[in-house]
Amino acid sequence: MKYQNAKLRRMLAAEYVLGTLRGPARRRFERLARTDAALRAEQHFWETRLGRLARAVKPVTPAPTVWLSLQRRIEAGNTVPLRRPKANQPKPVPMWRIWAGMAAAAAVVVVVMLSQQRFSSPLAPATATVAQAPATPVYVAQLRVPDSTMQWTMSLSPTHGQMTVIAGGNYPQIGQHSMELWWISPQGPVAIGLLPTQGQASMPLPKELVAQGGITLAVSLEPQGGSPTGKPTGPVLISGPAVQAA
Amino acid sequence: MSSATAEPERLTQLLAAISGGDQRAFAQLYESCSSHLFGLLLRILQRRDWAEEALQDCFLKVWQKSETYEPSRGAPLTWLSTIARYRALDLLRMKRPEVEMPEEGEEPPMTLADPGQDPVDGAIEGEGIGKLRDCMRGLQDEQRRSVLLAYYEGYTHQELAQAMHAPLGTVKSWVRRGLSRLRDCLEGVSGSVEKE
C-alpha cells in the first residue's frame with residue numbers, strides 16, 4: 001500500500017498542507033491522518049512552518065455584515081442541542097422572526113394610530129373620502145438589518161419635515177461605528193440622521209425632500225458620528241420603501 | 001503588522017476563553033484576526049463573496065472547536081490561517097468550475113485583495129518567518145515559485161503548469177523537490193517548533 005512508504009507519506013502530508021493534494025486524495029489523507037499519529041505529526045510539522053507564509057499577505061478588513069451573519073449562524077447552531085424538537089413538533093421560531101413579527105404588528109399599530117389621529121382631527125373634513133389623498137400624507141417604513149434582530153419602524157411626514165423612528169432588536173456591535181439613514185432622491189442619497197440602536201427618536205426631514213410616488217430609504221454603516229463626506233461611505237446594510245399610510 | 005501577529009499569548013488566552021463559550025472573547029478574536037484571514041482568503045479565492053463565506057466557516061469552526069488548539073499547532077494566527085486555507089481549498093474544489101483559468105500566454109489573475117503587491121516575491125522577506133525564509137532562499141527559482149504560488153493562489157498542479165508555462169510532470173517535480181529540500185533544511189534545526 002502506498003501509505004506504507006515513509007518517503008511518500010511525508011510528501012503526501014507536505015502536499016496536503018500546501019494544498020496541491022486535491023479531490024479524493026485529499027479526503028483520503030484526512031481519513032488516514034485521523035487515526036495515524038505519525039502522519040498527523042508530519043502534517044503539523046508543515047502547518048507550523050508553511051502557515052507563517054500567511055503573514056506576508058496584506059490584511060483586508062471584511063464588511064461588518066460578515067460578522068452579523070456569523071453571529072446569526074452561531075445563534076442558530078446553539079439553539080439546536082438545547083431544545084431538540086420531537087418528530088411532530090414544529091421547529092422553534094428563531095428570535096429574529098419573533099421580533100420581525102412583533103415589529104410588523106407594531107408597524108400596523110403605528111399606521112392605525114396615525115390614521116385615527118388623522119380622522120379624529122377637527123381639521124379633517126368630515127366628508128373626506130378614503131380614496132382621496134390626504135393633504136399631509138404620512139409614510140411608514142420598516143427596515144431590518146439582515147442576519148440580525150436590529151430593526152427600525154419609521155413614520156415620515158415630509159410635509160411637516162418630521163419623522164419618528166422606533167428601534168428594536170439588538171445590534172451586535174463590532175468596532176466603533178454609526179448607522180446613518182438616507183433618503184434616496186432622484187439626485188442621490190440625502191442624509192437624514194443617525195439611527196438610534198434602542199428606544200425612540202424623532203428627527204427633522206430636510207424640507208426639500210418630496211415624495212414622488214414613493215420614498216426609498218437606506219441605512220449605511222458609517223464611522224462613528226456619521227459620514228464625514230455627506231454621502232454614504234460605508235456598506236449599505238438595508239434599503240427599502242416607505243409606503244403611504246395616511 | 002496588526003496586533004494579531006504581535007500578541008500570540010493574548011490570542012492563546014482568547015482561544016482558551018472561547019472553548020468555555022465566552023462570546024466576548026470570540027468577538028475580540030474576530031476583531032484581531034479577521035482582516036489577516038480575510039486578506040489570505042481573498043488572495044486564494046479571488047472573489048469577495050466566497051472569501052466572506054470561507055471566513056465565516058473558518059470562525060464557526062473556531063467557535064465550535066477552539067479546544068482543539070494546542071501550541072504544538074503553531075502560533076494561534078498560524079493555526080487560524082491553516083483552518084482558513086483548508087476551507088478555501090475545499091470551496092475552490094466545489095466552485096472552481098465557475099472560475100475561468102487564464103489562457104495559455106496570459107498572466108495569472110491578479111488578486112482582488114491587493115493588485116499592487118505580489119506576496120510570492122515579498123513572502124520570504126516577511127517578518128517572523130526566520131528559518132523558513134532562509135530555507136526558501138535555498139530552493140531553485142522554479143521550486144520556490146511553484147511552492148509559493150500553490151500556497152498563496154491555491155493552485156493545483158494543473159493550474160501551476162498553466163501559470164508557469166511548463167509541462168505538468170515538470171511542475172509536479174518542482175513542487176515535490178522543493179518541498180523535500182525545504183523539509184531537509186527546516187529539519188536542520190532539530191525539528192523543534194520555532195519560537196514566535
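This section describes the contact between chains A and B, the nonpolar cores, a helix pair and a sheet in a predicted model.

In the predicted model, the two chains touch through 33 residues of chain A and 51 residues of chain B. On the chain B side, two or more residues each are given by helix H3 (23-45), helix H4 (48-65), helix H5 (76-95), helix H6 (119-122), helix H8 (141-153) and helix H10 (168-187). H3(B) supplies the largest share of that side, with 11 residues. By class, the chain B residues that touch chain A comprise 22 nonpolar, 19 polar and 10 charged.

H3(B) also figures in the interior of the model. The largest nonpolar core contains 72 residues, and those with the most contacts inside it are Leu37(B), Leu41(B), Leu45(B), Ala54(B), Leu55(B), Ala84(B) and Ala88(B). Of this core, 11 residues come from H3(B), the largest share. When its neighbours within four places in sequence are left aside, Leu37(B) is in contact with Leu55(B), Cys58(B), Leu80(B), Ser81(B) and Ala84(B). Another core lies apart from the largest one and has 28 residues, including Tyr139(A), Leu143(A), Ala167(A) and Trp183(A). In soluble globular proteins, nonpolar side chains tend to be buried together.

Within chain B, H3(B) is further paired with helix H2 (residues 8-19): the two axes come within 8 Å and cross at roughly 140°. The crossing of H2(B) past H3(B) is left-handed. H2(B) contributes Leu11(B), Leu14(B), Ala17(B) and Ile18(B) to the contact, while Ala25(B), Phe26(B), Gln28(B), Leu29(B) and Ser32(B) belong to H3(B). The residues of this contact between H2(B) and H3(B) are 7 nonpolar and 2 polar, with no charged residues.

In chain A, 8 strands are arranged as an open sheet with antiparallel pairing, in the order S5-S4-S7-S8-S1-S2-S3-S6. Strand S5 (188-194) and strand S6 (200-204) of chain A form the edges, each pairing on one side only. On average, neighbouring strands of the sheet are turned by 25° against each other, direction ignored. Strands of a sheet pair through backbone hydrogen bonds, either parallel or antiparallel. Strand S2 (residues 151-157) and strand S3 (residues 162-168) of chain A run antiparallel and are joined by 7 bridges. Opposite Trp152(A) stands Ala167(A) in S3(A), and Ala167(A) is also among the residues of the 28-residue core.

Notes:
Residues are numbered from 1 along each chain as its sequence is written. Chains are lettered from A and ligands numbered from 1 in the order in which they are written. This is a predicted model: local features need pLDDT of at least 70, side-chain atom pairs count only at pLDDT 80 or more; totals for chains, interfaces and linings use all residues. Two residues are in contact if their C-beta atoms, placed from the backbone, lie within 7 Å. Helices (H or I, at least four residues) and strands (E, at least two) are DSSP runs, numbered from the N terminus. Ala, Val, Leu, Ile, Met, Phe, Trp, Tyr, Cys and Pro count as nonpolar, Asp, Glu, Lys and Arg as charged, and the others, Gly among them, as polar. A nonpolar core is a set of buried Ala, Val, Leu, Ile, Met, Phe, Trp, Tyr and Cys residues joined through C-beta atoms within 7 Å. A residue is buried if 20 or more other C-beta atoms lie within 10 Å of its own, exposed if 12 or fewer, and partly exposed in between; C-beta atoms are placed from the backbone. Axes are lines fitted to C-alpha atoms, for helices over the stretch in contact, and angles run from 0 to 180 degrees between N-to-C directions. A crossing is left-handed if the near helix is turned anticlockwise from the far one by less than a right angle, and right-handed if clockwise. Two strands pair if DSSP finds at least two bridges between them.
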